[in-house]
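Colleague: I would like to learn how to read a model of this kind, one feature at a time. Could we go through it together?

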Amino acid sequence: MKVLKFGGTSLGSPENIKKVKAIVTEKSNNSRVVVIASAFGGVTNQLQDCSNLAEKGDEQFKIELDNLINRHLETVQSLLGAKSQSALMGKVRLLLNEIEEILKGVFLIQELSIKTLDRILGSGEVLSALIINEFFLQEGLNSKLVNPQEFILTDSAFGKANVDMATTEEKIISHFQDQEGDVLVCPGFLSKDSYGNSTTLGRGGSDYTAALIAAALDAPELEIWTDVSGMMTANPKYVKQAYAIPEINYEEAMELTHFGAKVLYPPSVHPVYKKGIPIYIKNTFEPESEGTKIFKFSEPESQSIKGISCIENIALFNLSGSSMVGIPYFSYRLFDALAQAKVSVILITQASSEHSICVAIDLEDVEIAKLAIENAFALEFREKMLNPLFVETDLAIVALVSSQMKNQIGLSGKMFSVLGQNGINIKAIAQGSSEKNISAVIEKGQIKKALNTLHESFFLSDLKRVNLFIVGTGNVGKTLINQLNQQVEYLKEHNQIDLRISGIANSRKMLFDLDGIPFENAVDTLMEQGKEMNLDGFLDEMKELNLRNSIFIDNTAHEVVANTYADVLASSISVVTPNKIACTGKYEDYKKLKNLALKYRSHFRFETNVGAGLPVINTLDDLIKSGDEILGIQAVLSGSLNFIFNNYNGEGDSFADVVKQAQVEGYTEPDPRIDLSGVDVKRKILILLRESRFEIELDDIETIPFIPEKCMQAENVEQFFESIAQEEAHFNNLVEEANSEGKKLKYVATFENGKANAGLEKIASDSPLYNLEGKDNIVLFNTKRYPEQPLVIKGAGAGAAVTASGIFGDIIRIVNAL
């Protein structure tokens, strides 16, 4: 029998419930299925809000309750046909009326016991299961509703009851043996005590319900269906490049769930852990995704860290004083006081001097904990044997999790070093002797920065030998090899970086050498000793070599090469390229490359996509990682267009002559229309916006043409030049109009108010763009930190030397990250 639990988001709308039905239908084809249903998304919180309002005597609870009632009735109407609606409506209204009466009672006496709250909160799951079961029946599934209160027995600790494991297991086995139906729908979260009172298993208890049933029935696996594709390496809300962990063991899963991974309720691991039943975390909205498998053993990987997690809204209590030193039972008194107050301690750290002890707790428990500690140590505080209790709030805990930590040297040092280098102050640290997690308390405002920094730092290798595989030996490729040759000995001597060309290719030949192809004559050696070039063959041999720290450098502008990046990155080989094609295709393809680089501990670097060797993308990346936000961009990104409009004034050479000069000097493509169309600029601003975390496509950017359409439609380059020569008056008018206003023409890419465009603009003399000379580029970033005076990056934006220099810089950045 299969056990599937669906979370609130999975059941959050009629459309989502239909997706759940499709999953259940497939799963029930060859096995009976138990479906554990959570309340519809947000319903438990709504019931809690209604209860709180009623307790305060606030009639607003009636409005909130009406909204909740309407939501469930509308769901019934949306899912079920007219014939099926009537009977179900009666059942739903009956249950909702019961809850309404309870809330009216709470409102009248303005008192809400935990026992009563359990009755109220548990109704969300009952309603959900009731509606889902009827929908399944209508859709032809042989479905039956079961009541968990008939087989899950607990004590009377209302709010978070403790399960009588032996009795519950016995009852589950007996109950399900007698049940008919291919699909059994069971509300999660609910249970009862030995007196028949309704109890609940705590928030997130539907996972626990599923685990108890799976364990008792010896299910082959437990599937938890949610809205993410597994347990993530970090919280994707903060770390955009986080990805699902394919496999993880029970202990690691428990550590991650304790430290804030919300896809799984921590106690749910225990029942199936004892039985060795694997748990699969799956995505209701992407059922084909593999998700995460949690089981007893996972193969050790070279990447020791399995996940980086966090707990927000933490308070830190620091109890200190000389009277603590050497006094027995001091810690016991502290923890006993907190336990009596029902305050859970999340993290503990104590100095070896015994002069102080620190505990981290949930922010909601601050006042209760403070009162409990002050009462327990009233004498010591009064006699000043203890320092005043020091409480810090608005904190968070970040934690690295892995069962392989004990086999890795220096992880703690690396973690604290990385946080310190990024200006993140650590308030407290803790690491158990089992070495399954390292935890640090930091300021809540630093969560995003800390998680991104740690995530990037702990998914990289650390060797210093770098194996380069270079494709493309044209102008840029040759220049890069010459620059590498000039610096290779310096890097080896001063930076302990051993650069080697392990593979090289151009359109005709390819060559590999494990000992390294000499930099000084690499191209000549390729042509003399290389075999016929075949791109697939080159990639296959590069992957088969499986060298550590491999970097694939694409110096071409070919789409066929760019299309190989995903395969290269998935082979744990980094990619460095000036080729813009990969980053300017579909957003999902661009995002896939970024995620692949992170997943397989490789790097995808393309600094030279924008501004050649200018540090545009890296500066932008630093801004985003440090928590800044891009508000606007204004940029001149085409060296060729800047050269043309700097040299065309309407009085000397004609526009056609200036364009011809740019072509001859290598500033434009052989076909200048590629530059003059603005497509290249459009691609560059697209890359900047995507790197600014905007999900944008190339077609979303407006291009404002300035070349007459008939010129662009010329059959060949020669006819194009003839055509623009005939339009000299048009270009002259553009210049004269700008001159009359004391302005200059620049081809500018702009992002403002969420929209981007590229086109010819008249630039005033007070603009940083006005005096841009030659083939220079300039980028102005307006951000939350630079709202009025933009951050300006300016310099040569074209040419083989600066482009090669940018590629070289990307290589070094990868090495420095090792």
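Colleague: Is T479 buried or exposed?

Modeller: A word of caution before the answer: this is a predicted model. Buried means under 20% relative accessible area. T479 has a relative accessible area of 18%, so T479 is buried. The residue is part of helix α16, which covers residues 475–494.

Colleague: Which residues does T479 touch, not counting residues up to four places away in sequence?

Modeller: On that count T479 touches A800, A801 and A804.

Colleague: And R673, buried or exposed?

Modeller: R673 counts as buried, because its relative accessibility is 12%. R673 sits in helix α25, residues 673–676. With neighbours within four places in sequence left aside, R673 is in contact with C711, M712, Q713, A714, N716, V717 and F720.

Colleague: Next, a whole helix. Which residues of α11 are buried?

Modeller: The general idea first. An α-helix has 3.6 residues a turn, so residues three or four places apart point the same way. In α11, residues 330–340, the buried ones are F330, L334, A337 and L338. Looking down the axis of α11, these buried residues fall within an arc of 95°, so they line one face of the helix. Y332 and Q340 are exposed on the other side of α11.

Colleague: What covers the buried residues of α11?

Modeller: The cover includes the strands β12 (307–320), β13 (345–350) and β14 (356–362), along with helix α12 (366–376). After α11 comes K342, with a positive phi near 60°.

Colleague: Now a sheet. In what order do the strands of the open sheet run, and which stand at the edges?

Modeller: For a sheet, read the strand order, then look at the edges. Here 6 strands form an open sheet with mixed pairing, in the order β26-β28-β27-β25-β29-β30. β26 (702–704) and β30 (791–796) are at the edges with a single partner strand each, so one side of each is left without a neighbour in the sheet. On average, neighbouring strands of this sheet are turned by 20° against each other, direction ignored.

Colleague: How many bridges join β25 and β27?

Modeller: β25 (residues 630–636) and β27 (residues 744–752) pair over 4 bridges, in the antiparallel sense. One bridge to look at is that of G632, whose partner in β27 is E752.

Colleague: Which helices lie across strands of this sheet?

Modeller: Two to look at are α23 and α26. Helix α23 (residues 639–647) lies across β25, β27, β28 (755–763) and β29 (776–783), and runs at about 145° to β27. Helix α26 (residues 679–691) lies across β25, β26, β27, β28 and β29, at about 35° to β27.

Colleague: How many of the residues of α23 are buried?

Modeller: α23 is mostly covered, with 7 of its 9 residues buried. They are G639, S640, L641, N642, F643, I644 and F645.

Colleague: Last, empty space. How many cavities of 30 Å³ or more does the structure hold?

Modeller: Rolling a probe the size of a water molecule over the atoms shows where empty space is left. This structure holds 1 cavity of 30 Å³ or more. The largest cavity has about 30 Å³ of space.

Colleague: Which residues line the largest cavity?

Modeller: Its lining is made up of V636, S638, L641, N642, F645, K746 and Y747. α23 and β27 each supply at least two residues of that lining, and the largest share, 3 residues, comes from α23.

Key
Residues numbered from 1 in each chain as written. Predicted model: local features only at pLDDT ≥ 70, side-chain atom pairs only at ≥ 80, totals over all residues. Heavy atoms only, no water. Buried < 20%, exposed > 50% of the residue type's maximum accessible area, 1.4 Å probe, protein only. Arc of directions from axis to C-beta. Contact = heavy atoms within 4.5 Å. Pairing = 2+ DSSP bridges. Axes fitted to C-alpha atoms, helices over the stretch in contact; angles between N-to-C directions. 1 Å grid on protein atoms, 1.4 Å probe; cavity = no way out; pocket = protein on both sides within 12 Å on 5 of 7 lines; lining within 4 Å. Points joined across faces, edges and corners; volume = space filled by probe spheres on them.
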